Every structure is written in C-alpha cells, then in structure tokens.
Amino acid sequence: MIVILYEYVMGKGRDSMNTNKMLSEKFYEVLKHEGIVTIITWGKGEPHIVNEWNSYLVITEDERILIPAGLMHKTEENININNKIKMALGSKNVVGFDNYQGTGFVVEGTARFFDSGFEYEMMKDKFSFLTRVLEITVTSAKQML
Ligand SMILES: Cc1cc2nc3c(=O)[nH]c(=O)nc-3n(C[C@H](O)[C@H](O)[C@H](O)COP(=O)(O)O)c2cc1C
C-alpha cells in the first residue's frame, strides 16, 4: 500500500514536471538545423515582423529563449508598449507528425530586452554583433506539422 502510494505521488511529481516543460525534444531538434525564425510584435499599430536564424536561439535551463539583437529597434519599441510576442520557426530536415518530412512550431510568450548581466555577457561572447538580448518567456509552443 505504501509502495503504491509512493509510486502514485512520485509519478504525479514526474508528470507535473513534464507538463511544465513547454519545449519538446522536437523543438530542440529543429534548432539543430538552420532555418529562418519569424518574430512578430505589435505595439498599438500593425503587426511588425523580424527574422532570426534557428541557430541563434539560445535556450536557458528554465526554457527562456534568448536572441541576439543587433538592430530590432522597432521590435523593442513595440515590446515596450505591449510585451506579447509570437514566433514561428521550422525545418524541412526534421520529421513532423505522421512521418511528414518537415516540422515547425508557433511559439507565444512575453518578451523583454536587456543589455547587461551574466546572460548578456554569455550571449555577447557567442554573438559579438549584439547590442541587446531579446528574451522570450514561453507561454505556449505548438507543433504545427
Ligand atoms: C535571416 C535573417 C536573420 C537575421 N538575424 C538578425 C539577428 O540575429 N539580430 C538582429 O538584430 N537582426 C537580425 N535580422 C534583421 C531583422 O530581421 C530586422 O530586420 C532588424 O533587426 C530590424 O528590426 P526592427 O524592424 O525591429 O527595427 C535578421 C534578418 C534575417 C532576414
């Protein structure tokens, strides 16, 4: 009885840890293949689109997405008005649902820019061109294909 209870509690613990994970293994696989990321922000006006490379996304332990920003001034203006962000990325080289050759994700979250601190220095070492880091806190990451 105690063993069953223990397994139930531990099992639930494991399940809830998994549910907390927003980014799947498939998502990480996509990042290993080059492709174009599209990031959409909207302040008060029309949606604004910028691009990034898959290989430039850095994922932190707690699944925030860090992106090197060299320009992205309009994006930053928008974020300062409305911090919501949508992002799409994919790769033809990663198998999707039902063995389809290709997959992609739509990510939603909130964003901020920062230009100092440990994570800024870590990103600057990787991408010398950056002037700020765009950080996305993911609220959903849906596989689309
Ligand atoms: C494939 C691709 C990759 C890009 N990578 C970056 C990048 O790493 N950092 C960046 O600031 N802009 C990058 N850009 C430029 C942005 O898409 C954007 O046009 C520019 O940053 C200006 O942003 P803004 O309109 O928000 O001011 C890239 C563009 C393309 C097409």
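Which backbone oxygen does the side chain of Gln143 reach at 3.2 Å? The side chain of Gln143 reaches the backbone oxygen of Leu145 at that distance. The structure is a predicted model, in which local features need pLDDT of at least 70 and side-chain atom pairs count only at pLDDT 80 or more, while totals for chains, interfaces and linings use all residues. Residues are numbered from 1 along each chain as its sequence is written, and side-chain values use heavy atoms, with hydrogens and water left out.

Gln143 belongs to strand 7, which covers residues 132-143; helices (H or I, at least four residues) and strands (E, at least two) are DSSP runs, numbered from the N terminus. A second interaction of the Gln143 side chain is a polar contact with the side chain of Thr103, at 3.1 Å. A polar contact is a pair of N or O atoms within 3.5 Å; within protein, one must be able to donate a hydrogen and the other to accept it, and residues adjacent in sequence count only if both atoms are side-chain atoms. Leaving aside residues up to four places away in sequence, Gln143 touches Lys26, Gly96, Phe97, Thr103, Gly104 and Phe105, where contact means heavy atoms within 4.5 Å. Gln143 counts as buried because its relative accessible area is 17%. By definition, buried means under 20% relative accessible area, exposed over 50%, and partly exposed in between (1.4 Å probe, protein chains only).

The strands form an open sheet of seven, in the order 2-1-5-6-7-4-3, with antiparallel pairing. Two strands pair if DSSP finds at least two bridges between them. The edges of the sheet are strand 2 and strand 3 (58-59), each of which pairs on one side only.

Toward one edge, strand 3 and strand 4 pair in the antiparallel sense over two bridges, with Val58 opposite Leu66 in strand 4. These two strands form a hairpin with four residues between them, and Glu63 in the turn has a positive phi of about 65°. Strand 4 is also joined to strand 7, by six bridges in an antiparallel arrangement; here Leu66 stands opposite Glu135 in strand 7. Strand 4 is mostly covered, six of its six residues being buried. Both of its faces are covered, with Arg64, Leu66 and Pro68 on one side and Ile65, Ile67 and Ala69 on the other.

Strand 1 (residues 36-41) shows an alternating pattern: Val37, Ile39 and Thr41 point to one face and are buried, whereas Ile36, Thr38 and Ile40 point to the other and are not. Strand 1 is paired with strand 2 in the antiparallel sense over six bridges, and a hairpin joins the two strands through six residues. Within this pairing, the bridge partner of Ile39 in strand 2 is Val50. Three bridges join strand 1 to strand 5 (residues 84-95), again antiparallel, and the partner of Ile39 in strand 5 is Met87.

The ligand is surrounded by 15 residues, of which His48, Asn51, Glu52, Gly70 and Thr75 come nearest; a residue is near a molecule or strand if one of its heavy atoms lies within 4 Å of it. By class, this shell has eight nonpolar, five polar and two charged residues. In this classification Ala, Val, Leu, Ile, Met, Phe, Trp, Tyr, Cys and Pro count as nonpolar, Asp, Glu, Lys and Arg as charged, and the others, Gly among them, as polar. Backbone atoms also approach the ligand: a polar backbone atom of Leu71 is 2.9 Å from an oxygen atom of the ligand, a backbone N or O atom of Met72 lies 3.0 Å from a ligand oxygen atom, and a polar backbone atom of Lys74 is 3.0 Å from an oxygen atom of the ligand. Taken alone, the ligand exposes 620 Å², and the protein buries 72% of that; accessible areas come from the Shrake-Rupley method with a 1.4 Å probe, and for residues only the protein chains shown count as cover. Strand 2 (48-53), strand 4 (64-69) and helix 3 (73-81) are the elements that give two or more residues to the shell. Strand 2 provides the largest share, five residues.

Helix 3 also contains Asn80. Asn80 counts as exposed because its relative accessibility is 63%. Asn80 and Phe113 are 33 residues apart in sequence and 9.0 Å apart in space, C-alpha to C-alpha.
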